[in-house]
Amino acid sequence: MRTDTPQTIYRKDYTAPSYLVDTVELGFDLDPARTVVANRMTVRRNPASAQREIELYGEDIELVTLRLNGRTLGEGDYVIEGTLLRIPNAPEEATLEIETICVPESNTTLSGLYTSNGSFYTQCEAEGFRRITYFPDRPDVMARFTVMLRADKDKYPVLLSNGNLIEEGDLDNGRHYALWEDPFKKPSYLFALVAARLVCQEENFELADGRTALLQVWVEEGNLDKTDYAMQSLKHSIRWDEERWNLELDLDRFMIVAVGDFNMGAMENKGLNIFNTKFVLANPRVATDVDFQGIEAVVGHEYFHNWTGNRVTCRDWFQLSLKEGLTVFRDQEFSADMIGTNTGRAVTRIDQVRTLRQAQFPEDAGPMAHPVRPDSFVEINNFYTVTVYEKGAEVVRMVQTLLGREAFRKGMDLYFQRHDEQAVTCDDFRLAMADANGRDLTQFERWYSQAGTPVVQAETRWDEQAQTYTLRLIQSCPSTPGQPEKLPFHIPVAVGLLGRDGRDLPLTVDGKNLGTTAVLELTDSDQTFVFTGVTEQPTPSILRDFSAPVILKHGYSDAELVHLFSHDSDPVNRWEAGQRLAMSRLLKLTGQVAGAGNVVDRLDLDDTFVDAMRKILVDDTLDPSFREQALLLPTESMIADQLDVVDPLAIHLARQFVRADIGARLRTELLAQYDANQTPGEYSPDAESIGKRALKNLALAYLNAAPDEASLALAQKQFDGATNMTDRVAALSALVHARAPAAADALQRFYDEFQGEALVVDKWFAMQAAAPTTDVARVRELMTHKAFTLRNPNRARSLVSTFCAGNAVGFHAPDGSGYGFWAEQVIALDALNPQVASRLARAMDRWRRYTPDLQAHMKRALQQVAGQAKLSNDVREVVSKALA
Ligand code: PHE
Ligand code: ZN
């Protein structure tokens, strides 16, 4: 915790490391109250650097001894300033021996070496290794690690680190040891150790080249009944990486360890992935379909990092998206390929679009907006964002869309050929793609350097005489902090034209036959494309498959949207047409509600919209998974994003009205779909069953948006009879949101049955935090529950963050009580865990867009946090950017 003004770090200031590290030998004497770390490393001057001092970082550790080539250094031989330790006048080559002490049991930040439920775990990305020992803790210093672990055998029977187990055995005093060696050089952020009482599911798995690898999933005792899906996902990931990219597992052993206290989702440490339990533990009793999907995606994500991140890593943290954007793209493709069907792929794509609109577009339009490759930061931990991850993945996807799948694969091959075991930049990735295919991606670079969501305005004209169809595309991009002007982006715009019968028309541009979906390349700020041989007035389907992360504006009529919603061969744009129809109603109704002083009175939903929804709902030729997506309304925050002045209550009331009206008017059809989409028999998290459950449970939610006796009884019956967590939480949530008299009893029974399952207790808190009946007083009451603690990130997020970021009505209470609560919790959390606090702090990002009264309250709360003398860099950066 620092009290001085935080420093901004700039990408342009990058300099090469002064010294390189060849080998590191670490010795750990593990003790929760006092762990001694011995670090011996061989270093040599980096010829690429003009700097002559050895530079090491250390944070929150006690330096015991520092030896250089056997000589103990005293004061005067080195300088410590903040986290930097400098050794001037160092020889060309040296052996450094450093002994430090740290206190894992009081490390509540969960960065560095910490204890969770009494056992030892590490988290080193981004800059946690310096909390373990002094080291040039930057990703462009790659070294070979050997690790000796010593600990009490009884308390910590399992000792793990990266790479291969070389030796293990007993020591005196009930202690034992294990020696690990990682055959690959790696940056320090990929170091990991685990010393714990754990059990594992393991399997020998044959790799494509005939070798076998030992796969292990380590969990606490009592959780071995929840490891099957993670293991299966790991095997699928290995196969997929072999088949799609010809990338093999390069180790004899690959371990996944689940830990209950973890800041993020999971971490790709070489050969020893450490996971939040949320993304490992699952069985039908405790995990929902969404949980199963999350496990597959995150297991894949971390495994894929072994090549995109570990073998080829980042030169500096500004290049974070080099590994994260690419690896998210890879895990998205993996999830889509695992489903395999066209609709299945489209449904995963729709999910990605929803995430972008829900979280990334708002980030791009707020005070923390930054390019995919940021130019500066105060605290790197604040830049593990939806922009770096999800927009970064969109940027990679656009490269594939522009080049084509095969050409993209060639680019990947060249990328690995050129950069294996190197620390490189986003430019290196782009150049490999360009060079492998003789393409110029110079302008494309702006996707990395310019923040903000581009707006593409489309204008169309059909010339009956000439039989041409002209599509004019105008792009612009709003200014973002530090970037007032933007240059045009290189945007792939996938376009189709629907005829009157709903079928795709053949496309010809410049005499070239482009099939039925043309990928147009928009590079100017204003550009026109002419389709020839267009014999009828078509309906344009623009930005198919969401071919670029932009906001598309086009003056669609309702009739055109209904036509697209009924017929578009591109399922993503078909869904999109429905979203546009819904959004226009939601915006109009929100205006009406606000105009009436937030009273729902004489609102009306038109037949055109309701009929369009009905048609999709009952269309049995469509996959249930797609129908579910098509019937889901834009979220409250997506609606808010369309408004200049946000009144959260008006939005909520308008959206609730639409849900209730659909529930009432489509009651018969919803009931029929509820019955038709049951999944009897043994639970299976396959795409088809997931789709059916999703549609069935959406039907249940709609029915209970305007609850009558029968709907409530249906929810109660489902809750009582549920044989899996998906159906159980869907029913419970329906009861809670319907304010059913039976909800309280159901919540209590749910808690009683699952109180031993931490991840289910998280769901229990989250569901109550999100309920529109929950206000600050109720959240405070829940915080006194014996199962609540701020110290566990999952638990803190389940209640506090869900309320602040997922319950607009409660959080934005007109008296400002939600914001006061927010300030209090940010401050309390910051003292424990700055990373978790800082994420919560971002709930206020867009405070300037709310009604004047709310704004005033929000500003006061922000100032209250900013006014704290003691604040982490993490929170300080977020609140000061919000207030700037
Ligand atoms: N690198 C991790 C991932 O994306 C995320 C992470 C970052 C985890 C920082 C912990 C700390 O898979
Ligand atoms: Zn990642």
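In this predicted model, the loop between strand E9 (93–102) and strand E10 (112–116) contains leucine 110. The backbone deserves a second look here, as leucine 110 has a positive phi of about 60 degrees although it is not a glycine. Leucine 110 has 24 C-beta neighbours inside 10 Å and therefore counts as buried, the threshold being 20 or more.

Asparagine 173 offers a companion case. This residue is not a glycine either, and its phi is positive, at about 60 degrees. Asparagine 173 sits in the loop that links strand E14 (164–170) with strand E15 (175–181). Its surroundings are another matter: asparagine 173 has 6 C-beta neighbours inside 10 Å, so it counts as exposed, a class that requires 12 or fewer.

A further backbone feature appears in the loop between strand E11 (119–123) and strand E12 (142–152), where alanine 126 is found. The peptide bond leading from glutamate 125 to alanine 126 is cis, with omega near -5 degrees. Both partners of this bond, Glu125 and Ala126, are also among the residues around ligand 1.

The remainder of the shell around ligand 1 comprises Gln123, Asn263, Met264, Ala266, Met267, Glu268, His301, Glu302, Glu324 and Tyr384. By residue class, the shell divides into 5 nonpolar, 3 polar and 4 charged residues. Strand E21 (266–267) and helix H2 (289–304) each supply at least two residues of this shell.

Strand E21 leads on to the sheet. Five strands make up an open sheet of mixed pairing, in the order E18-E19-E20-E22-E21. Its edges are formed by strand E18 (199–206) and E21, each of which pairs on one side only. E21 can thus be viewed in two settings, as an edge strand of the sheet and as a contributor to the ligand 1 shell. At the other edge, E18 runs antiparallel to strand E19 (residues 212–219), and 8 bridges join the two. Within this pairing, glutamate 206 has threonine 212 of E19 as its bridge partner. In general, the strands of a sheet pair through backbone hydrogen bonds, in either a parallel or an antiparallel manner.

Finally, a helix pair can be described. Helix H4 (residues 342–364) packs with helix H12 (residues 624–631) at an angle of about 30 degrees, and their axes are 9 Å apart. This angle makes H4 roughly parallel to H12, because angles under 35 degrees fall into that class. The crossing of H4 and H12 is left-handed.

Notes. Residues numbered from 1 in each chain as written. Chains lettered and ligands numbered in written order. Predicted model: local features only at pLDDT ≥ 70, side-chain atom pairs only at ≥ 80, totals over all residues. Near = placed C-beta within 6 Å. Helix = DSSP H or I, 4+ residues; strand = E, 2+ residues; numbered from the N terminus. Nonpolar A, V, L, I, M, F, W, Y, C, P; charged D, E, K, R; others polar. Pairing = 2+ DSSP bridges. Axes fitted to C-alpha atoms, helices over the stretch in contact; angles between N-to-C directions. Parallel < 35°, antiparallel > 145°, perpendicular 65-115°, else oblique. Left-handed = near helix turned anticlockwise from the far one by under 90°.
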